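Q: Please take a close look at one part of this structure and at what lies around it. Write for someone who has not seen it before, and go through it step by step.

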Amino acid sequence: MATTSSQATENQNSETLEKQEYLDLYRGLLLIRRTEEQLAKSYAAGMIHGACHTYVGEEAIATGVCAHLRPDDAVFSTHRGHGHALAKGVPPREVVAELFGRVTGCSRGRGGSMHLFAPEVGMMGTSGIVGPCILQATGAGYSFKLLKTDRVAVAFFGDGASNNGAFHEGINLATIWKLPVIFVCENNLYATEVPFSYSSGNPNVGDRGPAYGLPSVIVDGNDVLAVYEAAGEAVRRARAGEGPTLIEGKTYRTRAHSEGMRDAGYRSQEEIDSWKARDPLPAYRTELLKRGVAAEDDLQEIESDVQSIVEHAAEFAEQSPWPDPTTAATHVYSETSENEAHYA
Ligand SMILES: Cc1ncc(C[n+]2csc(CCOP(=O)(O)OP(=O)(O)O)c2C)c(N)n1
Ligand SMILES: [Mg+2]
């Protein structure tokens, strides 16, 4: 069985955090939340072309994991990847501009929501295909090991992806070769409208790791400190050459699968409301005040700062030019030596 790290165990490590680290986690959560809210608004206003899967409700997972990563660590993401990109350090205005299809977006407006790439900060892509990020992270981990670096690769993926063959192949290979990979399953209980309880005989993805010899932990994915603690240990192990870890975060998306889609007929309002009551943001805010590690003023300052960053990001995106159609074939394949140097 996977071990369970929850609020009860979180006290040990998280109490040793510096005030700034606590505040950075709050800022990280909030930056994702406000950006997603902006994107949802922009989608409704017709500014976004293509799908837009928001990460609202799940922010604690990307925030708690990426807080341990360096720019030269690699993140491979999903169709629900805005939060991963922001947590890995892609500037919000480049994320928003990319969804608006503008040339100032991180993928120069070629990709949109499901092709957010920024190798200069180790964001190795969101993807519309469910599952491959698990194998890509395994491959990156293999290369980091061969190059004798202490870099780590992270795969974020959903519960749905854990029933894809890529999951089993990736975790097996990473385990036998002790690759520096963190497999992060964001179990939000549904794959589109299919409950995980229907598609899996065991509600815990984390229980699958031990069958492969893979250390695994199940955490409350709405508790940023629990995620931070589990990820800290996983990253430490990976950098030390001790191999991969599987982290399952139990969480919930509180918006529709994708903006503009119906959100009824497959889950109850009571269920949505019960998870809204466990929203990671107010929970963490309350915790910070309760522990006395932050004052109301500290939090309000972050809130107004993040609000202004996101508003500016939207203005920047709206005012940015469209890509020149004559350059449609550029920035599609790797062209620069910069990225090659970074990953050499
Ligand atoms: C290989 C593949 N199969 C099916 C789809 C269609 N699809 C898009 S999102 C999705 C659900 C994925 O669920 P999960 O992995 O739990 O992620 P979540 O949307 O819940 O974050 C599916 C089946 C796809 N994009 N790729
Ligand atoms: Mg899911």
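A: Helix H5 is followed by Gly101, whose phi is positive, near 75 degrees. The model is a predicted one, and the values below are computed from it. H5 itself covers residues 92–99 and is mostly covered, with eight of its eight residues buried. They are Pro92, Arg93, Glu94, Val95, Val96, Ala97, Glu98 and Leu99, a list that includes Arg93 and Glu94. Among the elements that cover these residues are helix H2 (19–44), helix H4 (82–87) and helix H12 (296–319).

The loop between H5 and helix H6 (132–146) holds Val130. Val130 counts as partly exposed because it has 19 C-beta neighbours inside 10 Å, while a buried residue needs 20 or more. Leaving aside neighbours within four places in sequence, Val130 is in contact with His79, Gly160, Ala161 and Asn164. Val130 is also one of the closest residues to ligand 1, together with Gly158, Gly160, Ala161 and Ala191. In total, 15 residues surround ligand 1: five are nonpolar, eight polar and two charged. For a sense of distance, Val130 and Glu296 are 166 residues apart in sequence and 41 Å apart in space, C-alpha to C-alpha.

After H6 comes another loop, which leads to strand S3 and contains Lys148. Phi of Lys148 is near 60 degrees, a positive value in a residue other than glycine. Lys148 has 7 C-beta neighbours inside 10 Å, so this residue counts as exposed.

Strand S3 (residues 153–158) is the main part to look at here. Six of its six residues are buried. In a regular strand, side chains alternate between the two faces of the sheet. In S3, Ala153, Ala155 and Phe157 lie on one side, and Val154, Phe156 and Gly158 on the other; both faces are covered. Gly158 is also listed among the closest residues to ligand 1.

S3 has a pairing with strand S2 (residues 74–76), which is parallel and has three bridges. There, Ala74 stands opposite Ala153 of S3. S3 also runs parallel to strand S4 (residues 181–187), and six bridges join these two strands. Cys185 in S4 is the bridge partner of Phe157. Helix H7 (residues 165–176) takes part as well: S3, H7 and S4 make a right-handed β-α-β unit.

Two residues of S3 also stand out in the largest nonpolar core, which has 86 residues. Val154 and Ala155 are among those with the most contacts inside this core, as are Val181, Ile182, Val184 and Val227. Helix H9 (residues 224–239) gives the largest share of the core, ten residues. Ala155, leaving aside neighbours within four places in sequence, is in contact with Phe76, Cys133, Ile134, Ala137, Val181, Phe183 and Val184.

One further loop is worth a look. Thr192 sits between strand S5 (190–191) and strand S6 (194–195). Like Lys148, Thr192 is a residue other than glycine with a positive phi; for Thr192 the value is near 55 degrees. Thr192 counts as partly exposed because it has 13 C-beta neighbours inside 10 Å.

How values were computed. Residues numbered from 1 in each chain as written. Chains lettered and ligands numbered in written order. Predicted model: local features only at pLDDT ≥ 70, side-chain atom pairs only at ≥ 80, totals over all residues. Near = placed C-beta within 6 Å. Nonpolar A, V, L, I, M, F, W, Y, C, P; charged D, E, K, R; others polar. Buried ≥ 20, exposed ≤ 12 C-beta atoms within 10 Å, placed from the backbone. Helix = DSSP H or I, 4+ residues; strand = E, 2+ residues; numbered from the N terminus. Contact = placed C-beta atoms within 7 Å. Pairing = 2+ DSSP bridges. Right-handed = clockwise from strand over helix to strand, strands pointing away. Core = buried A, V, L, I, M, F, W, Y, C linked by C-beta atoms within 7 Å.
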